[in-house]
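Here is a structure to be read by its definitions. Each turn below takes one term and sets a value against it.

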Protein chains: 2
Amino acid sequence: MDAADNSRGNPHAHGDRNHADNHEQPGSQHEENGQPAVNQDRLWDSLMELARIGATPKGGVRRLTLTELDRQGRDLVCGWLKEAGCEIRVDRIGNVYGIRPGRLGNGFDASGQPASDPALRPVAVGSHVDTQPSGGKFDGNYGVLAGVEVIRALNDAGVQTERPVAVAIWTNEEGTRFTPVMMGSGVYCAAFTLDHCLAQVDREGISVAQALDEIGYAGSDAPPRFSAYFEPHIEQGPVLEDAGATIGIVEGALGQRWFDIVVTGQDAHAGPTPIELRRDALLAASWLVIEVRRIAAESPDYARGTVGQMFVHPNSRNVIPGRVEFSVDFRNARDETLLSMVEQLRLAASRVEAEDGVQISVEEVVHFPPCAFEPTLVAGIEADAASLGYKAMRLASGAGHDAVYVARTCPTAMIFVPCEGGISHNEIENATPEDLAAGCAVLLRSVVRAAG
Amino acid sequence: MDAADNSRGNPHAHGDRNHADNHEQPGSQHEENGQPAVNQDRLWDSLMELARIGATPKGGVRRLTLTELDRQGRDLVCGWLKEAGCEIRVDRIGNVYGIRPGRLGNGFDASGQPASDPALRPVAVGSHVDTQPSGGKFDGNYGVLAGVEVIRALNDAGVQTERPVAVAIWTNEEGTRFTPVMMGSGVYCAAFTLDHCLAQVDREGISVAQALDEIGYAGSDAPPRFSAYFEPHIEQGPVLEDAGATIGIVEGALGQRWFDIVVTGQDAHAGPTPIELRRDALLAASWLVIEVRRIAAESPDYARGTVGQMFVHPNSRNVIPGRVEFSVDFRNARDETLLSMVEQLRLAASRVEAEDGVQISVEEVVHFPPCAFEPTLVAGIEADAASLGYKAMRLASGAGHDAVYVARTCPTAMIFVPCEGGISHNEIENATPEDLAAGCAVLLRSVVRAAG
């Protein structure tokens, strides 16, 4: 496919949309002189077409991993990739790779093994097309279709890169039908073994292996190795919208340490027991909820602290609670700061124990280390956003993404765009065509630079 | 029965028990010279005999109201009352009255109606013999059997009082099989209508009327009216034990105001949402739990404040809670102070709304006004405890009792004795024979004074 095909799309991304604030989306205008350019309408239309598969009445998408709907979604994207001249490879956990060859080949050697020379490996863009049970149209899907748009834009402009450009669709990122979450990228980076994941079963007893087979995505290809990996994604949080920024330059993903906390006091009747003789487990737990917030608010490095779950016993109106169980979710970009937050929590627990006459146990149940993205790629995204005239800001990904696992294998970065109200994992998840195209325009520049 | 029968019991209540601290239980010794005296062993043995009906393996009692076991318990006590020379009357809600006539009659006129002259009415002692599903041996039962012991002691000493002395067994105090709680005393004082209560059904669809009929306690007698009513009870709280006191002089029962509070924030993912952009309903609720405690701790008049029940939504480890529902139970001896506590709570809710960006609704769901017991009777109990050498203290009843309803019809007071660890409504509920006899000794003096 060459530059003549340009007639198929509209390189003037905003030509047919009159938005008062379109000064924020100048991407296409900057790319007119023979440079590849993102087609905003084409990207949006592809997103909307994919969103019809599993569409819910409330405007969301329910497309659980490895179901018939997931097959339809994968088939649609693979068709687009093939149309765009990509070869399709599917590995044994069902990850899909659409590869647009470069001047230096397709990233594999003659025997079908990934190139041993990093300089020959593809530059990849990826994410997932499975959704939450009440999911939205953009989570995951945007990353994959931004990759498709990059390849279409390269085709439109007749650009041949040195290294191949690949689009990856990772299997089962959401983890709602099969655990663990981020299964495909986790197998890719050897965080989990293939056999372990293939043997996982859903509530009906269907295994991952069986489900892959049923939808025709039980592949046998060796997965490519990448020279660089980019994952564009809606932010799934309110930071960009709050700051009025279009591009989020993601410095890394926060480390996480989760805790189970049990407060044991003495349950007693609310009427006959004077205040000074109580050992109220809910009062003690409440002080700790406030401490968790204080610790997070006062800590640097994108600190988060959340008590999301709480169970009160016996949970009766006129009985002083004798036991409260609750969770703490601490996140931070630096494990050292994370450990300091934990230390502050333990100190607070000891103080509350002494003051309220209760016992408190604090048990760590989850630990994900922080993941810093490749500084050169991050700086490149920052420079591209600036040269394209987008308001951009550095931030951290608070949630996990396939990129966190892929980062264990190659230089990796993420690009965030705003989503309405910061809402995701919800049928009302929303993003604007302009912001999505802006993220894709930055991505396109980063891919071209990395692919040479 | 006359003083000759004294040989049946042992008026020296502590004669056969060598407790190091028996200086606290001198009751019987003070009563030796012809005055009626409590028989500690007889009281204890009666309690233990009644506790065998519905005894649980863990040492408690399960004797739900208007069951076959309740019938057995009532029959046992009625037998004792008849043996002690009482006539038994049963009213239409199944309340039982054992009446020991006085010099002035039995409290009824010739047509069987309660005496219109207050001076002719019985002095009553009462409580209940139904228990919680996992109840103890003393709650309720002690009040009834202390009344039996008073009559036995009067008989032993050959004392004839001016006014009759009655023992009342109120139907369904606990309210676990049929609502409302304190049904029998509630009907007695016209807090509920008879027809409403007779029509209440349990989970099997059996009505109160049917259950009364089945156990033979569907009476038709007019209930007596009382000149005074006393209810001895285990404290069901830790105040006496904590103070090392034997007698609780109950000034009244606390008023209660209960609230349903709903905090509405915004649920959001714990990872991507920075602290400063959160509207965390659990954080807001935690501040209010602490405020409830502060308000109760700083308010006079036996203030209590309890958050016993809390539900967190969506209650997921990594989701900031968007909604929290919880209960507030405020109690106070003065409704004016209670209202000031409520006002402070509403102010705190407004402050938290503003500070945490949440909405808070506060709805009152229960209101029982405070009940002050008759000052003359209360002072009499205090004087009797002092003259008998018991360490005593004034306190308030935090829980509801039949006495609170009976107080609407005649001068009323309660006497508390300690229970181990303040624990009640539990199979491990416990009290000492000495403390129970001490409470009964004070009761006996008060009854004799009131009965003339």
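Q: What makes the residues listed around A:Ile247 its contacts?
A: Contact means heavy atoms within 4.5 Å. Leaving aside residues up to four places away in sequence, A:Ile247 touches A:Leu240, A:Ala385, A:Tyr390, A:Lys391, A:Ala392, A:Met393, A:Ile415, A:Phe416, A:Val417, A:Ala438, A:Gly439 and A:Val442.

Q: What kind of model is this, and how are its residues and chains labelled?
A: It is a predicted model, in which local features need pLDDT of at least 70 and side-chain atom pairs count only at pLDDT 80 or more, while totals for chains, interfaces and linings use all residues. Residues are numbered from 1 along each chain as its sequence is written, chains are lettered from A and ligands numbered from 1 in the order in which they are written, and side-chain values use heavy atoms, with hydrogens and water left out.

Q: What makes a set of residues a nonpolar core, and which members of the largest one touch the most others?
A: A nonpolar core is a set of buried Ala, Val, Leu, Ile, Met, Phe, Trp, Tyr and Cys residues joined through side-chain atoms within 4.5 Å. In the largest, of 101 residues, A:Leu145, A:Phe226, A:Phe230, A:Ile247 and A:Leu436 touch the most other members. Helix H13 (residues 433-451) of chain A gives the most to this core, 11 residues. Another core lies apart from it, with 99 residues, including B:Val123, B:Ala211, B:Ala385 and B:Ala431. In soluble globular proteins, nonpolar side chains tend to be buried together.

Q: Why is B:Gly135 called buried or exposed?
A: Buried means under 20% relative accessible area, exposed over 50%, and partly exposed in between (1.4 Å probe, protein chains only). B:Gly135 has 2% relative accessibility, so it counts as buried. B:Gly135 is in the loop between strand S3 (123-127) and helix H4 (141-157) of chain B. Not counting residues up to four places away in sequence, B:Gly135 touches B:Gly60, B:Val61, B:Asn426 and B:Glu427.

Q: Which of these words fits B:Ala190, and which fits B:Tyr302?
A: B:Ala190 has a relative accessible area of 63%, so it is exposed. B:Tyr302, at 29%, counts as partly exposed. B:Ala190 has a positive phi of about 70 degrees although it is not a glycine, and B:Tyr302, also not a glycine, has a positive phi of about 60 degrees.

Q: How do you know what counts as a helix or a strand, and how many of each does chain A have?
A: Helices (H or I, at least four residues) and strands (E, at least two) are DSSP runs, numbered from the N terminus. Chain A has 13 helices and 16 strands.

Q: What does the radius of gyration of chain A say against the globule rule?
A: The radius is taken over C-alpha atoms, and the rule is 2.2 Å times the number of residues to the power 0.38. For 452 residues a compact globule would have a value near 22 Å; chain A has 24 Å, which agrees. Buried residues make up 61% of chain A.

Q: Where are the cis peptide bonds at A:Pro180 and B:Pro180?
A: In chain A the bond joins A:Thr179 and A:Pro180, with omega about 0 degrees. A:Pro180 lies in the loop between strand S4 (165-169) and helix H5 (183-188) of chain A. In chain B the bond joins B:Thr179 and B:Pro180, with omega about 0 degrees.
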